[in-house]
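Visitor: I am new to this structure and would love a close look at one part of it. Could you take me through the salt bridges, and then show me what lies around them?

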Amino acid sequence: AAVALRRGERVGLLVFDSRPRIWLPPRPGLQQLQRMIAMLAKLPEQEEPTSYLRAIAQLEARQRKRSLVVVLTDFTDEVSAQELYASLAALARRHVLVFAAVADAHLGRIFDERESDSEPVLFQRAVAGELLLERRRTLAGIERLGVIAVDAEPRKLSGPLIRRYLELRVSGRG
């Protein structure tokens with residue numbers, strides 16, 4: 001958001017779980033970043049399941065103009081991604097989408113663990129490997145929808161996400 005706002009772009013925010021929690025219409029200026037941070041800081045923690053369909057319906061109703069939309073999520077498996085596919089496909093008909101998947105660094109560490117071959121460690125590695133494989137398949141499915149996918153751990157996500165945004169802007173696609 002900060003990079004886009006510094007470039008003179010209009011940036012908005014939709015935060016949701018089972019229903020929309022925050023909506024800030026797109027506006028230009030660094031004051032928008034301050035508004036976004038203030039709203040996010042006040043957001044209570046929610047334990048409700050995510051409804052991508054409801055969120056996309058809200059975004060479609062409120063954002064009619066073709067836009068670059070970044071979906072930032074920590075989805076975990078193929079089952080939860082089924083609703084996500086339908087939502088992204090609908091949204092991609094009007095907007096340019098970047099799907100930013102926040103990876104779980106803990107899974108990678110478990111899968112890469114090679115110090116022990118005890119049965120519990122092997123079982124944990126197998127489960128972590130299966131979850132990582134499901135994630136790769138899900139991201140490949142998202143890319144087949146024509147959506148740009150960025151997948152990285154939280155500390156490593158900003159760089160690839162900014163790079164994709166700038167590539168889209170330079171190419172005239174976003």
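Guide: Let's start with the count: this is a predicted model, and seven salt bridges are found in it. Behind that count is a simple idea: side chains of opposite charge can pair when their charged atoms come close.

One of the seven salt bridges is between Arg-169 and Glu-9, whose side chains meet with N and O at 2.7 Å. This pair links distant parts of the chain, 160 residues apart. Arg-169 belongs to helix α7, which covers residues 158–171, while Glu-9 sits in the loop between α1 (2–6) and β1 (11–16). How covered are the two partners? Arg-169 has 24% relative accessibility, so Arg-169 counts as partly exposed. Glu-9 has 17%, and because buried means under 20%, Glu-9 counts as buried.

Next, look at Arg-21 and Asp-17. Their salt bridge has its closest N and O atoms 2.9 Å apart. Arg-21 is partly exposed, at 22% relative accessibility, whereas Asp-17 is buried, at 7%.

A further salt bridge joins Glu-60 and Arg-94, and here the closest N and O atoms are 3.7 Å apart. Again the pair links distant parts of the chain: Glu-60 is in helix α3 (residues 52–62), and Arg-94 is in the loop between α4 (78–92) and β4, with their positions 34 residues apart in sequence. Glu-60 counts as buried at 18% relative accessibility, and Arg-94 counts as partly exposed at 25%. There is also a network to find: Asp-17, Arg-21 and Glu-48 are joined into one by salt bridges that share partners.

Now follow the chain from the loop that holds Arg-94 into strand β4. This strand takes in residues 96–102 and is mostly covered, with six of its seven residues buried. Strand β4 pairs with strand β3 (residues 68–73) through six bridges, and the two run parallel. To find your place between them, look for Val-71, which stands opposite Phe-99 in β4. Strand β4 is also joined to strand β5 (residues 148–152), by five bridges, and this pair runs parallel too. Here a good marker is Ala-100, whose bridge partner in β5 is Val-150. While you look along the strands, one general point may help: in a regular strand the side chains alternate between the two faces of the sheet.

Helix α5 is the next stop, at residues 105–112. Asp-104 caps the N-terminal end of α5, with a side-chain oxygen 2.9 Å from the backbone nitrogen of His-106. Within the helix, Ala-105, Leu-107 and Ile-110 are buried. The buried residues of α5 pack against α6, which spans 119–144.

In α6 you can pick out Arg-125. Which description fits Arg-125, buried or exposed? Arg-125 is buried, because its relative accessible area is 10% and the cut-off for buried is under 20%. Leaving aside neighbours within four places in sequence, Arg-125 is in contact with Ile-110, Phe-111, Glu-113, Arg-114, Ser-116 and Asp-117. Ile-110 has already come up here, as one of the buried residues of α5.

Another residue to visit is Glu-153, in the loop between β5 and α7. At 30% relative accessibility, Glu-153 counts as partly exposed. Apart from neighbours within four places in sequence, Glu-153 is in contact with Ala-103 and Ala-105, and Ala-105 is one of the buried residues of α5. For a sense of distance, compare Glu-153 with Pro-25: they are 128 residues apart in sequence and 28 Å apart in space, C-alpha to C-alpha.

Finally, step back to the whole chain. It has seven helices and five strands, and along the sequence they follow the pattern α-β-β-α-α-β-α-β-α-α-β-α. The C-alpha trace spans about 55 × 35 × 30 Å along its principal axes. Of the 174 residues in the chain, 36% are buried. The chain exposes about 10800 Å², and carbon and sulfur atoms supply 54% of that area. Among contacts between residues at least 6 apart in sequence, 68% join residues at least 24 apart. The salt bridge between Arg-169 and Glu-9 is a good place to return to, since that pair links distant parts of the chain.

Methods
Residues numbered from 1 in each chain as written. Predicted model: local features only at pLDDT ≥ 70, side-chain atom pairs only at ≥ 80, totals over all residues. Heavy atoms only, no water. Buried < 20%, exposed > 50% of the residue type's maximum accessible area, 1.4 Å probe, protein only. Helix = DSSP H or I, 4+ residues; strand = E, 2+ residues; numbered from the N terminus. Pairing = 2+ DSSP bridges. Salt bridge = Lys/Arg side-chain N within 4 Å of Asp/Glu carboxyl O. Contact = heavy atoms within 4.5 Å. Polar contact = N/O pair within 3.5 Å; in protein donor to acceptor, adjacent residues only side chain to side chain. Areas by Shrake-Rupley, 256 points an atom, 1.4 Å probe, with all protein chains shown as cover.
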